[in-house]
Amino acid sequence: VAAAMALPLGGQVSPQAVRTADEMEPLLKSLSTYEFGQSREAQAQFTQLVQDSLANPALLKRIEARLLAFLQSDATAAGKQFALRELGLIGTEASVPALAPMLLQPATSEMARFALGRIPGPVTDQALRNALAKATGSVRIGIVGSLGQRRDVKAVPALTALASSNEVPAAEAAL
């Protein structure tokens with residue numbers, strides 16, 4: 001798996017790509033069982049790995065893809081929160097389809113909004129608008145806040161309707 005992740009589109013393997021792919025899997029394995037209060041060494045190493053890869057867009061795509069797969073695993077909530085923080089730094093529109101369903105889950109909504117909030121573009125805005133229509137309670141209020149931070153003009157009709165709804169906390173947030 002690590003060797004396949006290291007192959008760029010042209011088939012050439014850069015030494016850094018191999019090093020990074022080889023380092024990524026053991027770190028992700030450690031992060032999959034991470035719980036708050038434990039050593040954050042694997043997190044620090046993974047963050048450094050990402051920082052060392054910032055000048056290599058192809059490698060960042062591979063890291064992004066691996067983090068998205070990690071989110072679909074049975075990793076701990078704390079491990080997934082770390083992955084979402086990293087996606088907040090390097091995520092692209094390719095992350096939106098995986099992150100959008102997480103907006104509706106109370107356990108992951110906040111960190112999914114954190115990651116999505118840093119991914120520019122209309123695809124992200126649309127995902128937030130779609131989630132607003134389905135969300136309830138505090139999750140809906142958080143999505144309202146994210147739409148406001150993004151200054152999404154296309155969300156105004158939905159926010160206007162929400163502002164006049166009987167759902168007082170969400171109406172106040174929309175206002």
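1. Two aromatic pairs are found when the whole structure is searched. The model is a predicted one, and the points below should be read accordingly.

2. One of the pairs joins Y34 and F36 in an edge-to-face arrangement, with 6.1 Å from centre to centre and 80° between the planes. The two partners differ in their exposure to the surroundings: Y34 has a relative accessible area of 5% and is therefore buried, whereas F36, at 54% relative accessibility, counts as exposed.

3. F46 and F82 form an aromatic pair as well; their ring centres lie 5.9 Å apart and their planes meet at 85°, so this pair is edge-to-face. Because F46 belongs to helix α3 (residues 41-52) and F82 to helix α5 (residues 77-90), the contact ties together parts that are 36 residues apart in sequence. Both F46 and F82 are buried.

4. Turning to the pockets, the largest pocket holds about 160 Å³ of space. Its lining consists of E110, M111, R113, F114, G117, R118, G142, G145, S146, Q149 and R150. The elements that contribute two or more residues to this lining are α7 (109-116) and α9 (137-150). The greatest contribution comes from α9, which supplies five residues.

5. What is the division of the lining of the largest pocket into nonpolar, polar and charged residues? Two of the lining residues are nonpolar, five are polar and four are charged. Glycine is counted among the polar residues in this division, a point to bear in mind for G117, G142 and G145, which are among the residues of the lining.

Conventions. Residues numbered from 1 in each chain as written. Predicted model: local features only at pLDDT ≥ 70, side-chain atom pairs only at ≥ 80, totals over all residues. Heavy atoms only, no water. Phe/Tyr/Trp six-rings, centres within 6.5 Å; stacked < 30°, edge-to-face > 60°. Buried < 20%, exposed > 50% of the residue type's maximum accessible area, 1.4 Å probe, protein only. Helix = DSSP H or I, 4+ residues; strand = E, 2+ residues; numbered from the N terminus. 1 Å grid on protein atoms, 1.4 Å probe; cavity = no way out; pocket = protein on both sides within 12 Å on 5 of 7 lines; lining within 4 Å. Points joined across faces, edges and corners; volume = space filled by probe spheres on them.
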